[in-house]
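I opened this notebook page to record a look at the pairing of charged side chains. The entries below follow the order in which I looked things up.

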Amino acid sequence: YHSVRINPIRVSSDEFSYPIHIYIRYEIEKIIFSENIDFDDIKKIWNKMYKEMLNIDITSDSEGILQDIHWFEGMYGYFPTYATGAMMASQLKYNCPSYDQFIKSPDVNNMADISQWLIHNVHQFGSELSTFELLNKISHEDLNPNYLVKHLKERFCIHVLKENYILKLEWHNCRDMLVNMRHIIMVKLHYREQLLVWHKIL
């Protein structure tokens with residue numbers, strides 16, 4: 001649970017490095033839509049960014065640029081929603097009053113308290129509120145990447161230092177990356193509108 005598993009495959013990576021996988025795809029998508037590049041160059045950029053940001057040498061396309069289905073299905077601009085979801089989940093976590101007690105003493109009753117809090121504060125609204133209206137209602141602020149950085153630090157930081165993992169991305173850079181992604185994401189739109197808006201932005 002606390003181990004950093006540096007892996008070329010996005011879906012096999014740990015929670016710490018996962019946002020970096022997303023960030024690489026996000027940067028490549030911006031290049032695809034804003035620059036005149038050859039198709040073969042996309043693979044070169046992919047491999048270069050994995051080496052620079054995760055210190056991974058890509059040895060085959062199946063563990064590199066061909067590992068996802070999203071671009072083949074035309075789902076450009078979708079990847080950042082995974083990082084956004086992680087930010088949102090962390091923001092909810094740190095604003096749920098029952099969470100700390102559950103961690104201290106996990107049992108059925110404490111889980112029931114969290115479930116009731118989610119029903120009352122999140123689930124009952126369905127699509128009545130946008131995601132970001134819901135976040136403001138619960139936390140009294142917009143999407144804030146600091147919650148995710150705090151979560152990752154608490155889960156991994158001590159163990160990363162203990163096991164002496166060498167990562168190209170320091171914590172402050174991780175936060176900057178998340179802040180950058182947060183500002184690009186459509187702040188006041190419902191989830192179902194996100195893909196269309198991403199196409200316009202990119």
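Entry 1. I began with R10, which forms a salt bridge with D68; their closest N and O atoms are 3.0 Å apart. The model I am reading is a predicted one. I then placed the two partners along the chain: R10 belongs to the segment before α1 (18–34), while D68 sits in the loop between α2 (39–54) and α3 (80–93). With these positions 58 residues apart, the pair links distant parts of the chain. I also checked exposure, and both R10 and D68 are buried.

Entry 2. I stayed with D68 and found its side chain in a salt bridge with that of R25, at 2.7 Å from N to O. This pair too connects distant parts of the chain, since R25 lies in helix α1, 43 residues apart from D68 in the loop between α2 and α3. D68 and R25 are both buried. I therefore noted R10, R25 and D68 as linked in a network of salt bridges, each bridge having its N and O atoms within 4 Å.

Entry 3. I turned next to helix α1, where E27 and K30 lie three residues apart, about one turn of the helix. Their side chains meet in a salt bridge of 3.3 Å, N to O. Are E27 and K30 buried or partly exposed? E27 counts as buried because its relative accessibility is 17%. K30, at 28% relative accessibility, counts as partly exposed.

Entry 4. Finally, I looked up the total: a search of the whole structure finds six salt bridges, including the R10–D68 bridge.

Notes
Residues are numbered from 1 along each chain as its sequence is written. This is a predicted model: local features need pLDDT of at least 70, side-chain atom pairs count only at pLDDT 80 or more; totals for chains, interfaces and linings use all residues. Side-chain values use heavy atoms; hydrogens and water are left out. Helices (H or I, at least four residues) and strands (E, at least two) are DSSP runs, numbered from the N terminus. Buried means under 20% relative accessible area, exposed over 50%, partly exposed in between (1.4 Å probe, protein chains only).
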